[in-house]
Structures are given as structure tokens and as C-alpha cells.
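Please read these comments with the sequence and the structure open side by side. They begin with the interior and then turn to the elements around it.

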Amino acid sequence: MVLNGGGQAGAAHAAAVRVSARGYQLGQIGNAAGGTSRTLIMYRPGYEAEGARLGRDLHVRIVRPLDGMRTNQLLGAHLVLIMGR
């Protein structure tokens, strides 16, 4: 799942292209419920290694467990990339 949390038009789509180019399957692409100043990756329980790998692949430094989202909000996704400002 790739979400735009920074408000810049097209940020989630552009990031989704980068994620897909790295071989990851894409889930939902859209806007985050709230804004965020920093780009981050969140992972559902049991997917810490995958979150760390995506962080390395995209050079995202903040990788952490789900915070502010529930597992059922992921619509089956294991990782969430939230693009910041």
C-alpha cells in the first residue's frame, strides 16, 4: 500500500512506480488520512524483515510497526509506504 501523506499531488503514484520497479506487488494507492512530514514504512505483525528490506530498497530510514492504522485497514497489504513532505 502506498499513501500520500505529504499533500504533494502525484506523490503516491510516483512512489508506487518506484515500488513496482523493485518487484513489489502493489496494493491500494491513495491519500493518507492525516499528513506526515517524513516518509516512512509501516509493517503489520510478522513482516518486520520485509519492511526493513523495502526501507533499504527505497532509502527510507523510518521503518516501524503499524502505528495509527489497524491491520484491517491495510486491505490485505503487509507493508505501507507513506510519503511525507
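1. In this predicted model, the largest nonpolar core has 15 residues, and those that touch the most other members are Val-2, Val-19, Leu-54, Leu-58 and Leu-81. Two or more residues are given to this core by each of α1, β3, α2 and β5, and α1 supplies the largest share, with five residues. In soluble globular proteins, nonpolar side chains tend to be buried together.

2. A separate, second core should be kept apart from that one when you look at the model; it has 10 residues, among them Met-1, Leu-3, Ala-32 and Leu-74.

3. Which residues does Leu-81 touch, if residues up to four places away in sequence are not counted? Its contacts are Met-1, Val-2, Leu-3, Ala-15, Val-19, Thr-39, Leu-40, Ile-41, Leu-58 and Val-60, and among these, Val-2, Val-19 and Leu-58 are also named, together with Leu-81 itself, as residues that touch the most other members of the largest core.

4. Leu-81 belongs to strand β5, which spans residues 79-83 and is mostly covered, since five of its five residues are buried. Leu-79, Leu-81 and Met-83 point one way from the strand, while Val-80 and Ile-82 point the other way, and the residues on both sides are buried. This follows a general pattern, in which the side chains of a regular strand alternate between the two faces of the sheet.

5. Which strands pair with β5, and in what sense? Strand β1, residues 2-4, runs parallel to β5 and is joined to it by three bridges, with Asn-4 standing opposite Met-83. Strand β3, residues 40-43, pairs with β5 in the antiparallel sense over four bridges, and here Ile-41 has Leu-81 as its bridge partner.

6. Helix α2, residues 48-58, deserves a slow look, for Gly-51, Leu-54, Gly-55 and Leu-58 are buried in it. Seen down the helix axis, the buried residues fall within an arc of 100 degrees, and therefore they line one face of α2. The general reason is that an α-helix has 3.6 residues a turn, so residues three or four places apart point the same way. On the other side of α2, by contrast, Ala-49 and Arg-56 are exposed.

7. The cover over the buried residues of α2 includes α1 (11-21), β3, β4 (62-65) and β5. Just after this helix, His-59 is worth checking in the backbone, as it takes a positive phi of about 60 degrees.

Methods. Residues numbered from 1 in each chain as written. Predicted model: local features only at pLDDT ≥ 70, side-chain atom pairs only at ≥ 80, totals over all residues. Heavy atoms only, no water. Buried < 20%, exposed > 50% of the residue type's maximum accessible area, 1.4 Å probe, protein only. Pairing = 2+ DSSP bridges. Arc of directions from axis to C-beta. Contact = heavy atoms within 4.5 Å. Core = buried A, V, L, I, M, F, W, Y, C linked by side-chain atoms within 4.5 Å.
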